[in-house]
Amino acid sequence: MSAMSPEQRGDLAERMLPEAANLAVLVHGDGGPEDVAQVLAGLSAAEKDALIVVLAGLVDPEQPVGRALGWLDFNEHGSLTVPASWSEDRKVRDLAPDDDTDLDEDFVDQVAVAKFIKGFRVDNLTDAEFLEAVKQCVAKGLTLADVDQLRRWPRKTTENRVNRLRKQWQRSGRVFPSLKPASVVVLTEEQVIAIRVRAHEGATDLSLAMSFNVSQKTVGEICRGRRYPQYGGPIRAPKKVQHLPGARRAMCGHGDMSLVARNPSERKVA
């Protein structure tokens, strides 16, 4: 599949979805080994590769192993068809072999880290630089899910990479860096005014949070005047809630804008 374009790989995977569903039905009781072999025999090598990808995609790695394999219980002879340990509450992800690749060098390119936490594209970010960037993001009050949003990554991308690196550090006997928010930051009057001015000019709360080393929530409270009310700068106006006329009042002629008032000819004569 490596010689194919992303569009071709996507089309092939989509074509293999019915085959993947067929195999799932066969394995779950509607067929046997011969049926599975017959399905696989009619596929090319590229199609088999795509089929494996689709089948793996159908499995939730976060579900417990016992739930994923719960349908494999006892055969017709009353024997357990899976090891007893497979009924544990461990996640499917925990069964995946650990990555034995060595940790990256500890050198951190702070320019690359700064670009990362500002949302710019960064190519070939090392593990050490990734961890440093995540540390700085968390210190500013962001969660790992916020980092995914900042980088426009799929859900749990940051969490999964952090967990993988934590396991590598533990195997190597190193103490994994703490990913905890920093203590409350006290801002000066000039910083508070700058935040309010830049927000009034269109800067997002996220960009201001990254620039001033505070959380998005803190930026929002500063802009609304809930924090540092003694300092100046434009205060963000609260969102206005537009109340629509009540349905009964608008429909039944109890107001000037009702349907009856706008169409007197439709009024019923007793």
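1. Packing of H6 and H8. In this predicted model, helix H6 (110-117) and helix H8 (residues 144-151) pack at an angle of about 90°, with their axes 9 Å apart. The two helices, H6 and H8, are therefore roughly perpendicular to each other. From H6, the residues Lys115, Phe116 and Ile117 take part, and they meet Val147, Leu150 and Arg151 of H8. By residue class, the contact of H6 with H8 divides into four nonpolar, no polar and two charged residues.

2. The two faces of H8. Within H8, the buried residues are Val147, Asp148, Leu150 and Arg151. Viewed down the axis of H8, these buried residues fall within an arc of 160°, so they line one face of the helix. An α-helix has 3.6 residues a turn, so residues three or four places apart point the same way. Ala145 and Gln149 are exposed, and they are carried on the face of H8 turned away from its buried side. The cover over the buried residues of H8 includes H6, helix H7 (127-139), helix H9 (157-171) and H11. Val147, Leu150 and Arg151 thus appear twice in the description of H8: they are buried, and they meet residues of H6.

3. The loop after H8. H8 is followed by Arg152, whose phi is positive. The phi of Arg152 is near 60°, and this residue is not a glycine. Most residues other than glycine have a negative phi. Arg152 is found in the loop between H8 and H9, where Arg155 also has its place. As to solvent exposure, Arg152 has a relative accessible area of 70% and is exposed; Arg155, with a relative accessible area of 71%, is exposed as well. Arg155 and Leu144 are 11 residues apart along the chain, and their C-alpha atoms are separated by 9.5 Å.

4. Packing of H11 and H12. Helix H11 (residues 205-212) and helix H12 (residues 216-223) pack at an angle of about 105°, and their axes are 8 Å apart. H11 and H12 are therefore also roughly perpendicular to each other. On the side of H11, the participants are Asp205, Leu206, Leu208 and Ala209; on the side of H12, they are Gln216, Val219 and Gly220. The residues of the contact of H11 with H12 divide into four nonpolar, two polar and one charged.

5. Burial in H11. The buried residues of H11 are Asp205, Leu208, Ala209, Met210 and Phe212. They pack against H6, H7, helix H10 (189-200) and H12. Asp205, Leu208 and Ala209 are buried, and these three residues of H11 also meet residues of H12. H11 is in addition one of the elements covering the buried residues of H8. Just after H11, Asn213 takes a positive phi of about 60°.

6. Tyr228. Where does Tyr228 lie in the chain? Tyr228 belongs to the loop between H12 and helix H13 (247-251). Although Tyr228 is not a glycine, its phi is positive, at about 55°. With a relative accessible area of 17%, Tyr228 is buried, whereas Arg152, another residue with a positive phi, is exposed.

7. Cysteines. How many disulfides does the model hold? With a disulfide taken as a pair of cysteine sulfur atoms within 2.5 Å, the count comes to zero. Cys137 is buried, with a relative accessible area of 0%. Cys223 is buried too, with a relative accessible area of 1%.

8. The chain as a whole. The secondary structure comes to 14 helices and zero strands. Read from the N terminus, the order of elements is α-α-α-α-α-α-α-α-α-α-α-α-α-α. Of the 270 residues in the chain, 24% are buried. Among contacts with a separation of 6 or more, 57% are between residues 24 or more positions apart.

Note on methods
Residues are numbered from 1 along each chain as its sequence is written. This is a predicted model: local features need pLDDT of at least 70, side-chain atom pairs count only at pLDDT 80 or more; totals for chains, interfaces and linings use all residues. Side-chain values use heavy atoms; hydrogens and water are left out. Axes are lines fitted to C-alpha atoms, for helices over the stretch in contact, and angles run from 0 to 180 degrees between N-to-C directions. Helices (H or I, at least four residues) and strands (E, at least two) are DSSP runs, numbered from the N terminus. Angles under 35 degrees count as roughly parallel, over 145 as roughly antiparallel, 65 to 115 as roughly perpendicular and the rest as oblique. Contact means heavy atoms within 4.5 Å. Ala, Val, Leu, Ile, Met, Phe, Trp, Tyr, Cys and Pro count as nonpolar, Asp, Glu, Lys and Arg as charged, and the others, Gly among them, as polar. Buried means under 20% relative accessible area, exposed over 50%, partly exposed in between (1.4 Å probe, protein chains only). The arc is that of the directions from the helix axis to the C-beta atoms.
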